[in-house]
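Q: Could you walk me through the cysteines here, taking a close look at how they pair up? I'm new to this one, so please go slowly.

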Amino acid sequence: MRPVYHPEGLYDDDKRSVASDNAGEKPMLQLWHQKGRCPEGTVPIRRTKKDDLLRASSLRQYGRKRHTAVNPMSIDPNMLNEGGHQHAIAYVEGDKYYGAKATINVWEPKIQQPNEFSLSQLWILGGSFGEDLNSIEAGWQVSPDLYGDNNTRLFTYWTSDAYQATGCYNILCSGFIQINSEIAMGASIFPISNIAGSQYDISILIWKDPKEGNWWMQFGKEYVLGYWPSFLFSYLANSASMIEWGGEVVNSEPDGAHTSTQMGSGQFPEEGFGKASYFKNIQVVDSSNQLKAPRGVGTYTEQSSCYDVQNGNNGDWGTYFYYGGPGKNSNCP
């Protein structure tokens, strides 16, 4: 019911960030907390209703992604909008990774079509980008088809075969084992950032317990949510070979033009703090279970005129990047 080990360096980092930018951070809650909490020894589960199933293209597809993660290392220009997914990400590869962490600015991007989504997440990836990709993912998303509304929601995802037959969002299939009674998967996050107004963010840490080998998820400073058992995976049973952080949208090209579905805040990265969405204090867990700043961070986007990414480094924010965009505009027809 608990991880044997947390990554080293986790709490030093928290002390430093509390001292330096506590003024800018406010604690995040979930909307359902306004109505009460769950008793100890239980877990909150978002109710699946008939309408949720009816919105899915098929029962088999309910709660599943229909595509693969992006491989920034081998981009075929002909595949840029293959499957209609577009990204603005930072990534590291070339080492063995045992986890990742990020503090993610929370927004409520506008979605043009109900079958599109906009999300901001981290990806823990193992294997090739063929039929056998292993992925563990967590972050926030707006997905009208999946949830029936435009709320920003906490989510997780996993697959061990490149999104074909295994895995799902949240706890819509067996896989992720929840142990926390306070935070619900797929529940609305509250409050949300405003342009030139208050900024809110969430911290997500996923790491592999060196003793038991399971992949654990922590939300914020105190909520250990649960774990993905090691046996779900092939490559990730050992370690990850790539970590990605950033945004993804579905561009279904309504009316033959680029979608106006927003990524992040809907503003381009150069707008900066208070307008553009950010990931800050991005870190990886190394083989000695230490949280470290990532080395050799690359960035990738398919069409920077639609959604872009700009990374940087400073004392308070560590390794960070701004990302996102409006989608359709005069430079992205």
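A: Here is a tour of the cysteines, pair by pair. Keep in mind that this is a predicted model. Counting sulfur pairs within 2.5 Å, you get two disulfides. If you number the bonded cysteines along the chain, they follow the pattern 1-2, 3-4.

Start with the link between Cys168 and Cys173, where the distance from S to S is 2.1 Å. The torsion about that S-S bond is about -85 degrees, so this disulfide is left-handed. Its two ends sit in their surroundings in their own ways: Cys168 has 2% relative accessibility and counts as buried, while Cys173, at 25%, counts as partly exposed.

Now hop over to the other link, which joins Cys306 to Cys332 with an S to S distance of 2.0 Å. Here the angle about the S-S bond is 100 degrees, and the link is right-handed. This pair ties together distant parts of the chain, 26 residues apart. Look for Cys306 in the loop between strand 15 (298-301) and strand 16 (308-314), and for Cys332 in the segment after strand 17 (318-324). Both Cys306 and Cys332 are buried.

And what about Cys38? The closest cysteine sulfur to that of Cys38 belongs to Cys168, and it lies 19 Å away, so it is too far for a bond. As for its setting, Cys38 has 24% relative accessibility, so it counts as partly exposed.

Key: Residues are numbered from 1 along each chain as its sequence is written. This is a predicted model: local features need pLDDT of at least 70, side-chain atom pairs count only at pLDDT 80 or more; totals for chains, interfaces and linings use all residues. Side-chain values use heavy atoms; hydrogens and water are left out. Buried means under 20% relative accessible area, exposed over 50%, partly exposed in between (1.4 Å probe, protein chains only). Helices (H or I, at least four residues) and strands (E, at least two) are DSSP runs, numbered from the N terminus.
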